[in-house]
Amino acid sequence: MPEYKYLIIGGGMTADAAVKGIRVVDAEGSLGLIGAEKDPPYDRPPLTKGLWKGKDFESIWRGTQDESVELHLGSRVEQIDPEAGTVTDEKGTEYSYEKLLLATGGTPRRLPFGGDSVIYYRRVEDYRRLQVLAQSEATFAVIGGGFIGSEITAALAMNERDVAMIFPESGVGALQFPAELSTFLNQYYEEHGVTVVPGATVEAIEGGHGHVHVVTDAGVLHVDAVVAGIGIQPNTELAEASGLEVEDGVVVQPTLQTSDPNIYAAGDVARFYNPALDRKMRVEHEDNANTMGEMAGRSMAGETISYDHLPYFYSDLFELGYEAVGDLDPELEIVSDWAEPFKKGLVYYLKDGRVRGVLLWDVWGKVDQARTLIADSGPFTEADLIGRIAAE
Ligand SMILES: Cc1cc2nc3c(=O)[nH]c(=O)nc-3n(C[C@H](O)[C@H](O)[C@H](O)COP(=O)(O)OP(=O)(O)OC[C@H]3O[C@@H](n4cnc5c(N)ncnc54)[C@H](O)[C@@H]3O)c2cc1C
């Protein structure tokens with residue numbers, strides 16, 4: 001049986017960051033990683049962005065294997081025995097651990113129809129499949145108006161593919177952005193050649209690759225291929241079956257230990273308390289994967305840590321791009337401070353006079369200022385915020 005001082009389940013960005021975090025503190029302790037994908041850890045964000053704009057494919061790899069770690073790839077863990085300190089994979093191989101990390105991330109939500117004719121876009125494998133299709137004259141429907149849907153639509157359109165984007169909300173990114181910004185984005189996407197179908201729910205997907213009929217409550221679209229980005233479910237099954245505390249994510253302490261002190265969790269799968277927002281959260285973004293992964297590794301290796309980082313996130317939509325931090329909930333009170341409407345500026349999200357979130361729209365390098373504002377108990381009025389962070 002392979003025996004490890006540190007064992008990581010998952011082969012994503014969080015897992016890679018944890019490997020590096022462990023190695024900062026402990027250069028020698030035996031370290032194993034079991035990942036279900038056949039590929040070693042890689043950066044996911046370029047799969048919807050850089051790789052479609054000419055970025056070198058080989059640049060996505062994170063070089064995890066250079067850290068003196070044994071990688072067991074293409075192997076899914078099916079069971080944890082916390083009493084014995086062992087895990088078992090789908091082939092029946094048992095591994096023992098002293099400290100275990102759950103970095104199992106999330107799995108795309110699926111529609112109840114359409115089967116494999118829909119590409120649920122998350123893995124490099126999905127990129128490879130879509131990239132082949134995009135080199136042909138194929139036409140596409142993208143389902144979902146959130147991060148993945150808006151980015152992959154832009155990527156395909158920038159590669160001169162014919163794309164329709166379908167989503168139930170009134171505008172692109174409507175679950176994050178104020179209504180006027182999201183309505184502007186509909187028009188902006190149309191100007192970039194996309195057929196935007198807002199307010200539509202997909203009810204069935206018929207046919208197969210090359211002849212797919214996407215049936216919505218607003219009509220039927222005939223395309224060659226369908227891509228979906230309709231959110232993820234955290235992969236908490238192993239934690240639940242092992243009796244760990246789970247609440248839309250594996251619950252962790254500031255030390256990133258779960259309810260079993262020998263088992264840690266980090267990244268998209270973990271639910272943690274953030275002091276600045278004074279609430280528990282689960283974050284599905286790169287900064288959290290990298291920072292929390294590294295901190296989990298350090299914690300596993302014996303460093304005293306307290307994870308109180310407020311992660312930021314970012315996205316690119318054609319020529320537009322943004323960074324953001326905190327709660328981007330359009331139901332909150334909104335203060336907009338545009339230098340140029342919908343092209344450059346700031347949007348503040350407030351509750352009871354406190355800033356809960358900041359959207360930095362084509363404003364770069366100001367995330368720390370936004371964090372400081374969120375940590376400040378205020379109270380803030382609109383007049384306090386206009387010009388507070390310079391849009392330059
Ligand atoms: C296409 C794409 C673009 C993105 N762009 C951005 C962006 O622009 N900005 C941003 O901030 N964030 C972005 N993100 C989000 C960011 O990439 C994620 O937050 C991050 O990848 C999460 O990493 P993770 O390792 O926690 O989880 P995952 O990436 O989900 O990795 C988990 C890994 O664990 C494996 N696994 C699961 N269960 C088991 C098991 N039982 N046994 C073995 N292995 C298992 C999975 O196969 C997977 O490889 C993007 C995500 C995607 C998919």
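In this predicted model, the ligand is surrounded by 36 residues, and the closest of them are Gly10, Gly12, Gly105, Gly267 and His285. Sorted by class, the shell around the ligand consists of 15 nonpolar, 13 polar and 8 charged residues. Four secondary-structure elements, namely helix H1, strand S2, helix H6 and strand S21, each contribute at least two residues to this shell, and their bounds are set out below.

| Element supplying at least two shell residues | Residues |
|---|---|
| Helix H1 | 13-25 |
| Strand S2 | 31-35 |
| Helix H6 | 286-300 |
| Strand S21 | 312-317 |

The protein is divided into domain 1 (3-49 + 61-107 + 232-300), domain 2 (110-228) and domain 3 (322-385). Because domain 1 and domain 2 both give residues to the shell, the ligand lies between them. The C-alpha centres of domain 1 and domain 3, for their part, are 32 Å apart.

Turning to the interior, the largest nonpolar core has 47 residues, and those touching the most other members are Ile8, Ala18, Leu101, Leu102, Val250, Ala265 and Ala266. Helix H1 provides the largest share of this core, with 6 residues. A second core, separate from it, holds 46 residues, including Tyr121, Phe140, Phe147 and Leu221. In soluble globular proteins, nonpolar side chains tend to be buried together.

Two members of the largest core can be followed through their contacts. Leaving aside residues up to four places away in sequence, Ile8 touches Ala15, Ala18, Val19, Leu33, Leu101 and Ala103. Leu102, which belongs to strand S6 (residues 94-102), counts as buried because it has 30 C-beta neighbours inside 10 Å, where 20 or more are required. With the same sequence neighbours left out, the contacts of Leu102 are Ile9, Gly10, Leu238, Ala239, Val250, Ile263, Ala265 and Val269; Gly10 is also one of the residues closest to the ligand. Although Leu102 and Ile8 are 94 residues apart in sequence, their C-alpha atoms are 6.3 Å apart in space.

Helix H4 (residues 179-191) comprises 13 residues and spans 19 Å from its first C-alpha to its last, which is close to the 18 Å expected at 1.5 Å a residue. Its buried residues are Leu181, Ser182, Leu185, Asn186, Tyr188 and Tyr189, and what covers them includes helix H3 (147-158), strand S10 (162-166), strand S11 (195-197) and strand S21. Strand S21 thus appears both in this cover and among the elements that supply the ligand shell. After H4 comes Gly193, which has a positive phi near 90°.

Note on methods:
Residues are numbered from 1 along each chain as its sequence is written. This is a predicted model: local features need pLDDT of at least 70, side-chain atom pairs count only at pLDDT 80 or more; totals for chains, interfaces and linings use all residues. A residue is near a molecule or strand if its C-beta atom, placed from the backbone, lies within 6 Å of it. Ala, Val, Leu, Ile, Met, Phe, Trp, Tyr, Cys and Pro count as nonpolar, Asp, Glu, Lys and Arg as charged, and the others, Gly among them, as polar. Domain bounds come from an automatic or database domain assignment. The expected span of a helix is 1.5 Å times one less than its number of residues. A residue is buried if 20 or more other C-beta atoms lie within 10 Å of its own, exposed if 12 or fewer, and partly exposed in between; C-beta atoms are placed from the backbone. Two residues are in contact if their C-beta atoms, placed from the backbone, lie within 7 Å. A nonpolar core is a set of buried Ala, Val, Leu, Ile, Met, Phe, Trp, Tyr and Cys residues joined through C-beta atoms within 7 Å.
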